[in-house]
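Trainee: Could you take me through one part of this model in close detail? I would like to see which residues meet there and how they are placed.

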Amino acid sequence: MSDTITLTYQTRPFLEDTASGILSECASLFNAVERSLYAEMARGKTTASCKNSFLKKYRITARQFNACRVSIEGKVAACQAGQELAVAILKQQIESLNKQILQFEKKPSKHSILHQKKRRKGILSTRLVRLENDIKQRRVHLCFGGKKLFRAQFHLEKNKFSSHQEWKAVWESQRNSEFFVLGSKDETGGNQTCTAKIEPDGKLTLRLRLPDALIEKYGKYLEIKNVYFKYGSEALLSALNNPDRQ
């Protein structure tokens, strides 16, 4: 059992328009990397085999690539876990239907209900076979931006969109709304890509290493000042000052 303590904190910094725009460009770039990695994985390639070509194509650092790799591999793993759970639920539902069908087969007056139960069983059985085949072939179906929002384009008025262009803008914003920064306890401040510096007033300044593709436009680093946590600040500062904790 590990003695390492992992602490998770969340805050919402107040960003100037310039900083917000830079972060949006970073998110757009990193999410493009993730989607491309997913496409290569679907073709049977490993993420490791894509590293050198992706570093050149997207002009990102090795650490930034690893963050994208960990992020997409986590999403795929979560999807695979969801598939296993879905299979277990489907088997339970089919087993329950089999019991009901046996009961209704003994009651001629329930012919219509029996028909619906058998029809439902057929639908679930088809779904189960498809899921089991996906698991066997290690195939997952990810929808970046979410299936619900993706399907909203087919019913624009119902989902309160005035046009397909409006939906697309929201869709692209959702797809590029976040990115992951990978750290390690043996790196400065626990993260060489995004480093936190404690200011005299107790607030933090984050220094984010920008991808090479944006350096010419914005410089090598983006500083985000006046970052603070309303609760748990003392524990956070203690963690930042103790390299043995992450």
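Mentor: Happy to; what follows is a walk around helix 1 and the parts that meet it. Please keep in mind that this is a predicted model, with every value computed from its atoms.

Let's start with the nonpolar core. The largest one holds 29 residues, and within it Val-33, Leu-37, Phe-54, Ile-60 and Leu-222 touch the most other members. Five elements each give this core at least two residues: helix 1, helix 2 (47-58), helix 3 (62-104), strand 2 (204-209) and strand 3 (221-227). Helix 1 provides the largest share, with nine residues. Val-33 makes a good place to look inside: once neighbours within four places in sequence are set aside, its contacts are Phe-54, Tyr-58, Ile-60 and Cys-68. A second core, of seven residues, lies apart from the 29-residue one, and Leu-90, Ile-94, Leu-97 and Leu-128 are among its members.

Now to the packing of helix 1 on helix 2. The two axes are 11 Å apart, and the helices pack at an angle of about 140°. The crossing of helix 1 past helix 2 is right-handed. On the helix 1 side, the residues that take part are Leu-29, Ala-32, Val-33, Ser-36, Leu-37, Glu-40 and Met-41, and they meet Thr-47, Cys-50, Phe-54 and Tyr-58 of helix 2. Two names here are already familiar, as Val-33 and Leu-37 are also among the core residues that touch the most other members.

Next comes Glu-34, which also sits in helix 1. Is this residue buried or exposed? Glu-34 has a relative accessibility of 3%, so it counts as buried, the cut-off being under 20%. Beyond residues up to four places away in sequence, Glu-34 touches Cys-68, Ser-71, Ile-72, Lys-75 and Phe-144. Two of these partners deserve a closer look.

Ser-71 belongs to helix 3 and is buried, at a relative accessible area of 15%. With residues up to four places away in sequence left out, Ser-71 touches Glu-34 and Phe-180. Lys-75 is in helix 3 too, but with 30% relative accessibility it counts as partly exposed. Leaving out neighbours within four places in sequence, Lys-75 is in contact with Glu-34, Leu-142 and Phe-144. Phe-144 is therefore a contact of both Glu-34 and Lys-75, contact meaning heavy atoms within 4.5 Å. Lys-75 can also be placed against Val-140: these two are 65 residues apart along the chain, and their C-alpha atoms are separated by 9.8 Å.

Helix 3 has one further residue to visit, Arg-69. Arg-69 is partly exposed, with 23% relative accessible area. Apart from residues up to four places away in sequence, its contacts are Leu-37 and Thr-47. Leu-37 and Thr-47 also appear in the meeting of helix 1 with helix 2, so Arg-69 of helix 3 touches a residue from each side of that packing, where contact is heavy atoms within 4.5 Å. Between Arg-69 and Leu-37 the C-alpha to C-alpha separation is 7.4 Å, and the two are 32 residues apart in sequence.

Aromatic rings add another layer, and the model has seven aromatic pairs. One of them involves helix 1: Phe-30 and Phe-179 form a tilted pair, 5.3 Å centre to centre, with 55° between the planes. Phe-30 lies in helix 1 (residues 17-42), whereas Phe-179 lies in the loop between helix 6 (164-175) and strand 1 (194-198), so their pairing ties together parts that are 149 residues apart in sequence. Phe-30 counts as buried at 7% relative accessibility, while Phe-179 is partly exposed, with a relative accessible area of 27%.

For a pair of another geometry, turn to Phe-150 and Phe-154. Their ring centres are 6.0 Å apart and their planes stand at 85°, so this pair is edge-to-face. Phe-150 is partly exposed, with a relative accessible area of 33%, and Phe-154 counts as exposed at 54% relative accessibility. Together with Trp-167 and Trp-171, Phe-150 and Phe-154 form one aromatic cluster.

One last ring before we stop: Tyr-221 has Arg-207 lying over its face, at 4.0 Å from the ring centre.

Note on methods
Residues are numbered from 1 along each chain as its sequence is written. This is a predicted model: local features need pLDDT of at least 70, side-chain atom pairs count only at pLDDT 80 or more; totals for chains, interfaces and linings use all residues. Side-chain values use heavy atoms; hydrogens and water are left out. Rings of Phe, Tyr and Trp (its six-membered ring) pair if their centres lie within 6.5 Å; planes under 30 degrees apart count as stacked, over 60 as edge-to-face and the rest as tilted. Helices (H or I, at least four residues) and strands (E, at least two) are DSSP runs, numbered from the N terminus. Buried means under 20% relative accessible area, exposed over 50%, partly exposed in between (1.4 Å probe, protein chains only). A charge sits over a ring if NZ of Lys or CZ of Arg is within 6 Å of the ring centre and within 35 degrees of the ring normal. A nonpolar core is a set of buried Ala, Val, Leu, Ile, Met, Phe, Trp, Tyr and Cys residues joined through side-chain atoms within 4.5 Å. Axes are lines fitted to C-alpha atoms, for helices over the stretch in contact, and angles run from 0 to 180 degrees between N-to-C directions. A crossing is left-handed if the near helix is turned anticlockwise from the far one by less than a right angle, and right-handed if clockwise.
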